[in-house]
Amino acid sequence: MRLISLLLAAMSLAAPTAQAQTPYTHAQTKAANLARMRAEKLNGGLRLYRADRCMYVTRGVDCLVSADENGYRFSFKGGAPGWQQQSPPDPTVETEVLISIDGDEILDVPYNGRFAEAQPISCSKACPQIGSMGQTSRRVNEKAILFSA
């Protein structure tokens, strides 16, 4: 029995061990959770609001817009519970949150408001390079988002 214990101990020392998440990854996970929770609070709580499922994935990678020395910037849609199960999904809110690089502090919420999906527009003389007159094009509603430096 003692021999088996010694062998197991020796094998665990010799075998490469799985490394824990790096602090950067752990900070990103904390940042994603903090950003999602801020959106939930701003939009009436879980009874009224659900963030995009990308914010429930570890580190929120699909909602991560940027990660640099300024922090983690997440941008994601949201809406009433069940909005993503509708066909097609019908988000009503869009949120952008900037979290500190250590994942511990909300630095800014540059946008939390109405989600405006791309609207079809008719092409006119202003956009002849897109195609023939009367052809439908798609334009994303412009919105000004001020980023704190």
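This is a short tour of the structure, one selection at a time. The model is predicted.

**Stop 1: strand β3**

Select residues 71-79, which make up β3. Seven of its nine residues are buried, so β3 is largely enclosed by the rest of the structure. Keep this strand coloured, as the next stops start from here.

**Stop 2: the partners of β3**

Add residues 50-51, strand β1. Strands β1 and β3 pair in the antiparallel sense, over two bridges. Click R50 and look across to β3: the bridge partner is G79.

Now add residues 64-68, strand β2. This strand also pairs with β3 in the antiparallel sense, here over four bridges. Pick S66 in the view. Which residue of β3 is the bridge partner of S66? It is R73. Then trace the chain from β2 to β3: a hairpin joins them through two residues.

Next, show residues 93-99, strand β4. Strands β3 and β4 run antiparallel, and seven bridges join them. Find Y72, then look at β4: I99 stands opposite.

**Stop 3: two rings**

Stay on Y72 and show the side chain of F74 too. The structure holds one aromatic pair. The ring centres of Y72 and F74 are 6.5 Å apart, and the ring planes meet at 25°. Why does the pair count as stacked? Planes under 30 degrees apart count as stacked, and 25° falls under that limit, so the label fits. Are these two residues buried or exposed? Both Y72 and F74 are buried.

**Stop 4: the disulfide**

Select C54 and C63 and show their side chains. The structure holds one disulfide, and C54 and C63 form it. Their sulfur atoms are 1.5 Å apart. A disulfide is a covalent bond between the sulfur atoms of two cysteines. C54 is buried, and C63 is buried as well.

**Stop 5: the largest nonpolar core**

In soluble globular proteins, nonpolar side chains tend to be buried together. Here the largest nonpolar core has 17 residues. Select A35, Y49, M55, C63, F74, F76 and I99, the members that touch the most other members. Two names are familiar: F74 belongs to the aromatic pair, and C63 to the disulfide.

Which elements give two or more residues to this core? They are α2, β3 and β4. The largest share, six residues, comes from α2.

Now centre on M55 and show what surrounds this residue. Leaving aside neighbours within four places in sequence, M55 is in contact with A32, A35, R36, C63, F74 and F76.

**Stop 6: helix α2**

Select residues 23-42, helix α2. Two residues here are worth a click.

Start with E40, which is found in this helix. E40 is buried, with a relative accessible area of 10%. What does E40 touch, not counting residues up to four places away in sequence? The answer is G45, L46, Y49 and Y56. Y49 is also one of the core residues from the previous stop.

Then move to N33, also in α2. N33 is partly exposed, with a relative accessible area of 30%. Select T58 as well and draw a line between the two C-alpha atoms. N33 and T58 are 25 residues apart in sequence, and 8.7 Å apart in space from C-alpha to C-alpha.

Definitions and conventions:
Residues numbered from 1 in each chain as written. Predicted model: local features only at pLDDT ≥ 70, side-chain atom pairs only at ≥ 80, totals over all residues. Heavy atoms only, no water. Phe/Tyr/Trp six-rings, centres within 6.5 Å; stacked < 30°, edge-to-face > 60°. Buried < 20%, exposed > 50% of the residue type's maximum accessible area, 1.4 Å probe, protein only. Disulfide = S-S within 2.5 Å. Core = buried A, V, L, I, M, F, W, Y, C linked by side-chain atoms within 4.5 Å. Contact = heavy atoms within 4.5 Å. Pairing = 2+ DSSP bridges.
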